[in-house]
Amino acid sequence: MRIACPKEIKNHEYRVGLTPASVRELVARGHELIVQSAAGSAIGLSDEQYLAAGAQIVPEAAELFARADMIVKVKEPQPAECALLRPGQILYTYLHLAPDPEQTAALIRSGAICIAYETVTGPGGGLPLLAPMSEVAGRMAVQAGAAHLEKSKGGMGVLLGGVPGVAAAQVVILGAGVVGTHALQMAVGLGARVTVLDKNVDRLRQLDLIFGNRITTLYSSAQSVEEAVLAADLVIGGVLIPGAAAPKLVTRAMVARMKKGAVVVDVAIDQGGCFETSHPTTHAEPTFVVDGVVHYCVANMPGAVARTSTFALNNATIGHALALADKGWRQALRDDVHLRAGLNVAAGQVTYEAVARALGHPYVPAATLLA
Ligand SMILES: NC(=O)C1=CN([C@@H]2O[C@H](COP(=O)(O)OP(=O)(O)OC[C@H]3O[C@@H](n4cnc5c(N)ncnc54)[C@H](O)[C@@H]3O)[C@@H](O)[C@H]2O)C=CC1
Ligand SMILES: CC(=O)C(=O)O
Ligand SMILES: [Mg+2]
């Protein structure tokens, strides 16, 4: 199969879909690899390294999209990239379609086979192709939150861990999944007072066993979310219903009553965000203020630590990339129910139920396209 890896074009996105090591694995299985020139140069992965791994280097994205059977990327295709996709071509990347009707319509129009990293499931449960970036974003959420609590960044001027004789900041984490757990580790490590909320009591039980009385766990309800958010200096949003638009747990009215200079880091923004006041921002302009509350809503947070993130992402994606390349998409998806869960749009149909429901498209189960 001919496999292509373009340079990412989203704002301040320096990750790359395939590392030279991943290219080498695919080339060793007899596949032809095309990488766009300078695809990894911002993170120290040079064209020479890709050439040594067996790739061809091409200068233009248009040529690369025209020649490839499968495109391996990081972020959802931007409009210019959607226009280059063609029927039957495999697109393997993050998509986050539920909050994005334009991209979904473009992918339907393209006729391409679109596999979303974020809905591929794992034999042990969870979302193994999302998890590494959630680990990164969860950890970064505390760094970003701490920085924006500084006065010069619009925050109230509070140090997360306090100092002897002065109380530490109150951090509230919505969602105790991968983002929530990694944010929790960092916030506890910095000495903040931390409350975490989830609807999954087993997750809360696990965190309680690990962190004991250094944290407070709360069952998530409208009441507990409101009380926690109003008391918070920093709120981190990390809830997820896989593939679906994020539930709006924090209303505009709640934000209006939050402390002035408090900070919100809505990591769930790539699924539409869990604050009613959120909208996506970029690394170039990461924040905006609503009712005195600083909102950080960057939809590609791991792009800021692109070198770490690229290696972590490739560790998770290369296995299925090899299966897709070796077998073709139909056989790879027939053989692996977890990879099949990643199919969101194929041959003009929406094949992921939560996306179809969120955007009002007919739902066609992936299995019917594989018969
Ligand atoms: N902005 C960015 O750059 C990035 C965003 N993300 C996003 O972060 C979000 C979280 O991802 P993960 O932690 O991997 O998901 P996860 O599935 O590990 O955790 C989500 C948690 O939310 C909980 N939840 C669902 N509904 C809830 C409710 N009403 N109240 C409280 N908790 C609720 C679930 O029980 C689960 O424990 C996703 O939308 C993901 O796409 C992930 C990486 C980077
Ligand atoms: C998960 C995601 O959207 C990202 O890493 O950018
Ligand atoms: Mg999007």
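Let's start with ligand 2. Its surroundings are Lys75, Tyr94, His96, Glu118, Leu130, Met133, Asp270, Asn300 and Pro302. Keep in mind that this is a predicted model. By class, that shell splits into four nonpolar, two polar and three charged residues.

Take one of those residues, Asn300. Where is it? Asn300 sits in the loop that runs between strand E13, 293-296, and helix H11, 306-335. Buried or exposed? The cut-off for buried is 20 or more other C-beta atoms within 10 Å. Asn300 has 26 C-beta neighbours inside 10 Å, so Asn300 counts as buried.

Who are its contacts? Leaving aside residues up to four places away in sequence, Asn300 touches Lys10, Glu13 and Lys75. Lys75 is also on the list around ligand 2. Now look at Asn11. In sequence, Asn300 and Asn11 are 289 residues apart. In space, their C-alpha atoms are 8.8 Å apart.

Next, ligand 1. How many residues surround it? The count is 36. The closest are Ser134, Gly175, Gly177, Ser220 and Met301. By class, the shell around ligand 1 has 22 nonpolar, nine polar and five charged residues.

Which elements supply this shell? Helix H6, 131-148, helix H7, 178-189, and strand E8, 193-198, each bring at least two residues to the shell around ligand 1. H6 gives the most, with four residues.

E8 takes us to the sheet. Seven strands form an open sheet, and the order is E9-E8-E7-E10-E11-E13-E12. Pairing is mixed. Why is one side of E9 and of E12 left without a neighbour in the sheet? Strand E9, 215-219, and strand E12, 287-290, stand at the edges, each with a single partner strand, so one side of each stays free of a neighbour in the sheet. On average, neighbouring strands here are turned by 20° against each other, direction ignored.

A word on pairing in general. Strands of a sheet pair through backbone hydrogen bonds, either parallel or antiparallel.

Here, E8 and E9 run parallel, joined by five bridges. One position to find on screen: Thr195 stands opposite Thr216 in E9.

Last, back to H6. H6 packs on the sheet. It touches strand E10, 234-237, strand E11, 263-266, and also E12 and E13. The direction of H6 makes about 155° with that of E11.

To recap H6: the helix packs on the sheet, and H6 gives the most residues to the shell around ligand 1. And Asn300: buried, in the loop between E13 and H11, and one of the residues around ligand 2.

Conventions: Residues are numbered from 1 along each chain as its sequence is written. Chains are lettered from A and ligands numbered from 1 in the order in which they are written. This is a predicted model: local features need pLDDT of at least 70, side-chain atom pairs count only at pLDDT 80 or more; totals for chains, interfaces and linings use all residues. A residue is near a molecule or strand if its C-beta atom, placed from the backbone, lies within 6 Å of it. Ala, Val, Leu, Ile, Met, Phe, Trp, Tyr, Cys and Pro count as nonpolar, Asp, Glu, Lys and Arg as charged, and the others, Gly among them, as polar. A residue is buried if 20 or more other C-beta atoms lie within 10 Å of its own, exposed if 12 or fewer, and partly exposed in between; C-beta atoms are placed from the backbone. Two residues are in contact if their C-beta atoms, placed from the backbone, lie within 7 Å. Two strands pair if DSSP finds at least two bridges between them. Axes are lines fitted to C-alpha atoms, for helices over the stretch in contact, and angles run from 0 to 180 degrees between N-to-C directions.
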